[in-house]
Amino acid sequence: MVVVAKEHPQVVHEEDSSKRRQILDGARKVFMDLGFDGASMGEIARAAQVSKGTLYVYFADKCALFEAILEQEALQHGQVVFSFDPDRDAETTLKEFGLAYIHLVCRPGGGSAIRTVMAIAERMPDVGRRYYGRVLDKSINRLSGYLKARVASGELDIEDCDLAASQFMELCKASLFLPFVFQAAPAPSEERMAAVVDSATRMFLAAYRTK
């Protein structure tokens, strides 16, 4: 009996993961430079330094590639380190969350996915809905859950915690996110982000802290 040697499954898996990351990195650059409509599988293959045949082994088309990039974006949002311990005071928690959130959305290259989704959402609404649900709505829900706990503790007085969570996140982006995402300004400085989040926290607590 002849035994055919097989590659170790772990090695194959690591090679596949590395090649997939290589392709996604190349695709991200092409989407950032050319937009969704301007990107082609040939251009992505060149940027990723793989053959088109290899590219199609991993992804059926550029829609699947873009969806994979959005999944990475969602994972990055989910991995942001901030504590929603319901026993922590609101001021400390809101400031830490606000800084973590604005660092994420205003990081270099971080606006590319949002710009591309905004450009195609009208004719590809499923993509827009999935991105909103995986990224933006999830952050709102997590913050809303924390606010409900602080309402129950008596620290905050909020009727609609989902609305309040959205309000706080928008306050943190004020003067920072739109200039950045439309490339009217570079990524904001640490000092500017801290100042905006501090102001957002003061405004939020002035409206919602129990009198």
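In this predicted model, helices α5 and α8 cross in a right-handed manner. Their axes lie 10 Å apart and form an angle of about 60°, which makes α5 oblique to α8. From the α5 side, the contact is built by Leu94, Phe97, Gly98, Tyr101 and Ile102, and these residues meet Phe168, Met169, Cys172 and Lys173 of α8. Sorted by class, the residues of this contact comprise seven nonpolar, one polar and one charged.

A second partner of α5 is α10. Helix α5 spans residues 90-105 and helix α10 spans residues 190-208, and their axes come within 9 Å of each other. The crossing angle is roughly 140°, and α5 and α10 are therefore oblique to each other. A reader may wonder why an angle of roughly 140° is given this label. The answer lies in the cut-off: only angles over 145 degrees count as roughly antiparallel, and those from 65 to 115 as roughly perpendicular, so an angle between these ranges is called oblique. The crossing of α5 with α10 is right-handed. On the α5 side, the residues involved are Ala90, Glu91, Leu94, Lys95, Gly98, Leu99, Ile102 and His103. Facing them in α10 are Glu190, Met193, Ala194, Val197, Asp198, Thr201, Phe204 and Leu205. This contact divides into nine nonpolar, three polar and four charged residues.

It helps to step back and view the whole chain. The chain holds 10 helices and zero strands, so written from the N terminus on, its elements read α-α-α-α-α-α-α-α-α-α. Of its 211 residues, 40% are buried. Among the contacts with a separation of 6 or more, 72% join residues that are 24 or more positions apart.

Some single residues are worth a visit, beginning with Thr93 in helix α5. Is Thr93 buried or exposed? Its relative accessible area is 1%, so Thr93 is buried. Beyond its neighbours within four places in sequence, Thr93 is in contact with Ser83, Phe84, Arg88 and Tyr146.

Gln76 belongs to helix α4, which covers residues 62-78. With a relative accessibility of 37%, Gln76 counts as partly exposed. Once neighbours within four places in sequence are set aside, the contacts of Gln76 are Leu104 and Arg107. Gln76 and Leu104 are 28 residues apart along the chain, and their C-alpha atoms are separated by 8.2 Å.

Glu155 offers an example from a loop, the one between α7 (125-153) and α8 (161-173). Although Glu155 sits in a loop, its relative accessibility is 16% and Glu155 counts as buried. The reasoning is simple, because buried means under 20% relative accessible area. Which residues does Glu155 touch, not counting residues up to four places away in sequence? They are Asp89, Ala90, Glu91, Arg150, Tyr208, Arg209 and Thr210. Of these, Ala90 and Glu91 also take part in the contact of α5 with α10.

Finally, the cysteines can be considered. How many disulfides does the count come to? The count is zero, where a disulfide would need a pair of cysteine sulfur atoms within 2.5 Å. Cys63 has a relative accessible area of 33% and is partly exposed, whereas Cys161, at 8% relative accessibility, counts as buried.

Methods. Residues numbered from 1 in each chain as written. Predicted model: local features only at pLDDT ≥ 70, side-chain atom pairs only at ≥ 80, totals over all residues. Heavy atoms only, no water. Axes fitted to C-alpha atoms, helices over the stretch in contact; angles between N-to-C directions. Helix = DSSP H or I, 4+ residues; strand = E, 2+ residues; numbered from the N terminus. Parallel < 35°, antiparallel > 145°, perpendicular 65-115°, else oblique. Left-handed = near helix turned anticlockwise from the far one by under 90°. Contact = heavy atoms within 4.5 Å. Nonpolar A, V, L, I, M, F, W, Y, C, P; charged D, E, K, R; others polar. Buried < 20%, exposed > 50% of the residue type's maximum accessible area, 1.4 Å probe, protein only.
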